[in-house]
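Could you walk me through this protein chain, the way you'd explain it at the bench with the structure open on the screen? I'd like to know what packs against what.

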Amino acid sequence: MIRVGIVGTGLIAREHAQAIAMVRGAVSLVAAADIDSAKLDGFCGSFRVPRRYGDPHELIVDPKVDLVAITTPPVAHEELVVAALENGKHVFCEKPLAHSLVSAVRIAQVEALHPGRLAVSHQLRYEASYRRLLWLCKNGWIGEVQSAQVERHSYIPHANHGKSGWWGSWKVAGGGVLLTQLVHELDLLLLLMGRPLSVTASMDTRYTEIESEDYVEATFRFENGATARCVASVNSGRSGGGFTVRGSHGTVSLPLRINVKDSSLIPKALAALDKALPDTRLPSSSLINRGLRFVGRRLGTKAKPTLTPHAVLYQKIVHNMELGQPLPIPSADAMGSLELCFAAYESALTGKEVSVPLHPASTVYRGVLKEDYDARKCSWEKPELKERPVVKTNVNRNLVRVGLVGLDTSHATSFASILHDPDNSFHIPGARVVAAYPGGSYDMPISISRVDGFTNELKHKYGVPIMDAPEDVADACDIVCILASDGRVHPALFQAVAGRCRSAFVDKPFAVSTEDAQHMFTHADRTGTRIFTTSAFRYADGLVDALNSIRATGERINTCRVRYWLQLQETQGRYFWYGIHASEMLLTIMGKGIRSVEVSEQGNRDTIMVWHESGHQSYLVGSRDDGTFHVSIDTDMRTLEVDLGPSSPSLAARVLASALDVLTDGHFPRLWSATAAGSVSGCRSGRAFDPDQKETLEVIGLLDAAQRSFSSKERAAV
């Protein structure tokens, strides 16, 4: 059993801890260190780490630690790697190897005295889809490799960058999206294309408040004549990316797709690929196999989890340690992609093509200085915000132009049908979808797998123009509906459209952290943009009728119990995916003023106990096996059981009409209400339950606190 100690307990450390847990029986997490005691305690509590150190060097000299995993900001890598190697430890260092080339060279010099003991975390080498792409290219199925096109668009939580965080600081991180994100793909390009010759690059800070680059474009030339074009961004409103390799006989791209001149070779190529890399094959989608998996889930049979790339790399490291062999991905391998990054920095700062390898006298060899970056000639100018006339939303006159951003949810086509089709039973006149942007998140199968279908339906069935960017949608519209199912990208998408349109509706989950939610409201105030979000469940007939009945009789609500489907989406935290519906209903019933929460887990059920400033308690109960949404309300006179099911067919219309009502001056009605039908100003029963900014922040805060409570096993303040 290899015993691991982790130094640094931030977000990436959690990925390491989860990877270690996957490799059971071979490796165990026995210690952690961090100078931030609160972060250290939370991490050790979440992963049941027995020993904790406030001084990383105490962990390094711990005789019960065999492998030191370094997950600190890059500026600390050199000191910690060198100390661990000199104390006889094996070391697993997160990428990038260092925050500067000169620091990386010093690490390599010490590693040479302790050969085979250092591994660097370029884990994408072990990701199944990249392994399959590289195998097809290296085994000649697309002929001689001639070019590649790479895109990476990712998300960094607002709590981790800007003035209060280290991410994006030149002195601490060494750079931004290029050095900390795109470096992964550059590592793969070197495996694929060999020795590089030169790079031409440009960069900007467009979407965040960091001091380094959050957007980069670069073209790399290789000795074999091949070229690679790379584009990367963070918090731009886009998520995921692509990796396409063109050869003399065809192309291969991710998500995996191969095209060759002789199409009869494609089945042979895929068969050979599956035979060569059987562990990378996707589960069969045949009806029989899907049925077997469904039955297994119903019987409670747990499928063997797919190892993450980090977990596979831990397996390789442990295997080599046990056999006394050198660890995979030594510093010599990691130096290649690091050098490409700094060559790109020099090119972007000077405006010239830069040759590789870099000379030690290069201006960026010791790192990039903030003043040098600030002095570059910026090629991108932020557009001035446009003043738009207020659009009067009258059902008989001025048409409200609606734009859709993020076409990975059924709301995209439902909204179009409701607005365009007069035969739709929930038709809302007076507004029309006039532009849309597809989007989609590649690391969310439930997102990226649906984009093409919904985009094609909008384009061909409803005649909606498809735009190249969210900004293009905003320029064409009065109201933008941000529908992207990935809450991580909502802040960046809103930032892209705010000020260009008057109003924006943001679908669930509004955000996946309190910091992101606050950032969006702050940006809305700064740009004068109306912003609104809500769960459709607030307006379900049963809940609205129950609450109106309670108000009419003057009863006092003592408590409520909201049951919901705890469907887990890995990228959205534990509770934000469907838990946001339950949280919104609870706030609708109990009102604002939540003090704290505590989570208890029993089997496939999570119970969130909520304490209110009024002294009352309420409960959110999520079940992973049961898709039921149900509400129980206890007053001082009776108990009401609320059935939410009958409203399900009309929920999309309700949330759309609510957004139109709140965000326009003409006040669209809630057309399911008989008293409001046909009128643009009629009263509607659910208007009193529209959430304001403070309530939305409390909804997000409740879920944020619940996630902290789940990790720490303790009560958490909201």
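Here is a walk through the chain, from the overall picture down to a few single residues. Keep in mind that you are looking at a predicted model.

Start with the whole thing. The chain has 718 residues, and 56% of them are buried. Its secondary structure adds up to 21 helices and 26 strands. If you take contacts between residues at least 6 apart in sequence, 71% of them join residues at least 24 apart.

Now zoom in on helix 13, which runs over residues 411-420. Nine of its ten residues are buried, so helix 13 is largely enclosed by the rest of the structure. The buried ones are His 411, Ala 412, Thr 413, Phe 415, Ala 416, Ser 417, Ile 418, Leu 419 and His 420. What does the covering? The elements over these buried residues include strand 15, strand 16, helix 14, strand 17 (479-482) and helix 20.

Two of those neighbours deserve a look, and helix 20 (residues 651-663) is a good one to begin with. Its axis comes within 10 Å of the axis of helix 13, and the two cross at roughly 70°. An angle from 65 to 115 degrees counts as roughly perpendicular, so that is how helix 13 and helix 20 sit relative to each other. On the helix 13 side, the residues that meet helix 20 are His 411, Ser 414, Phe 415, Ile 418 and Leu 419. Their partners in helix 20 are Ala 652, Ala 653, Val 655, Leu 656 and Leu 660.

The other neighbour is helix 14, covering residues 445-461. Its length makes a nice sanity check: at 1.5 Å a residue, 17 residues should span 24 Å, and the end C-alpha atoms are 25 Å apart, which agrees. Helix 14 does have a kink of about 40°, though, centred on Val 451. Val 451 is also one of the buried residues of this helix, along with Ser 447, Phe 454, Thr 455 and Leu 458. If you wonder about that spacing, recall that an α-helix has 3.6 residues a turn, so residues three or four places apart point the same way. The buried residues of helix 14 pack against strand 15 (400-405), helix 13 and strand 16 (431-437). Just past the end of helix 14, Gly 463 takes a positive phi of about 65°.

For another way of pairing helices, go to helix 16 (residues 490-497) and helix 17 (residues 514-527), whose axes come within 9 Å and cross at roughly 5°. That makes helix 16 roughly parallel to helix 17. Here His 490, Pro 491, Phe 494 and Gln 495 from helix 16 meet Asp 516, His 519, Met 520, His 523 and Ala 524 from helix 17.

Now for some single residues. Ser 618 sits in strand 23 (residues 617-623). Is Ser 618 buried or exposed? Its relative accessible area is 0%, so Ser 618 is buried. Its side chain has a polar partner in there: a polar contact of 2.7 Å joins it to the side chain of His 612. Beyond four places in sequence, Ser 618 is also in contact with residues including Thr 559, Cys 560, Leu 586 and Met 590.

Glu 185, in helix 7 (residues 177-193), is another one to click on. With a relative accessible area of 3%, Glu 185 is buried. Away from its sequence neighbours within four places, Glu 185 is in contact with Leu 124, Tyr 130, Val 150, Arg 152 and Phe 243.

Ala 33 belongs to strand 2 (residues 27-33), and at 0% relative accessibility it counts as buried. Leaving out residues up to four places away, Ala 33 touches a set that includes Ile 6, Val 7, Gly 8, Thr 9 and Tyr 53.

Finally, find Lys 261 in the loop between strand 13 (257-260) and helix 8 (265-276). Lys 261 is exposed, with a relative accessible area of 69%. Outside its neighbours within four places in sequence, Lys 261 is in contact with Ser 248 and His 249. Its side chain reaches the backbone oxygen of Ser 248 at 3.0 Å. The C-alpha atoms of Lys 261 and Ser 248 are separated by 9.2 Å, and the two residues are 13 apart along the chain.

Notes:
Residues numbered from 1 in each chain as written. Predicted model: local features only at pLDDT ≥ 70, side-chain atom pairs only at ≥ 80, totals over all residues. Heavy atoms only, no water. Helix = DSSP H or I, 4+ residues; strand = E, 2+ residues; numbered from the N terminus. Expected span 1.5 Å × (residues − 1). Bend = angle between axes of the 7 residues up to and from the residue. Buried < 20%, exposed > 50% of the residue type's maximum accessible area, 1.4 Å probe, protein only. Contact = heavy atoms within 4.5 Å. Polar contact = N/O pair within 3.5 Å; in protein donor to acceptor, adjacent residues only side chain to side chain. Axes fitted to C-alpha atoms, helices over the stretch in contact; angles between N-to-C directions. Parallel < 35°, antiparallel > 145°, perpendicular 65-115°, else oblique.
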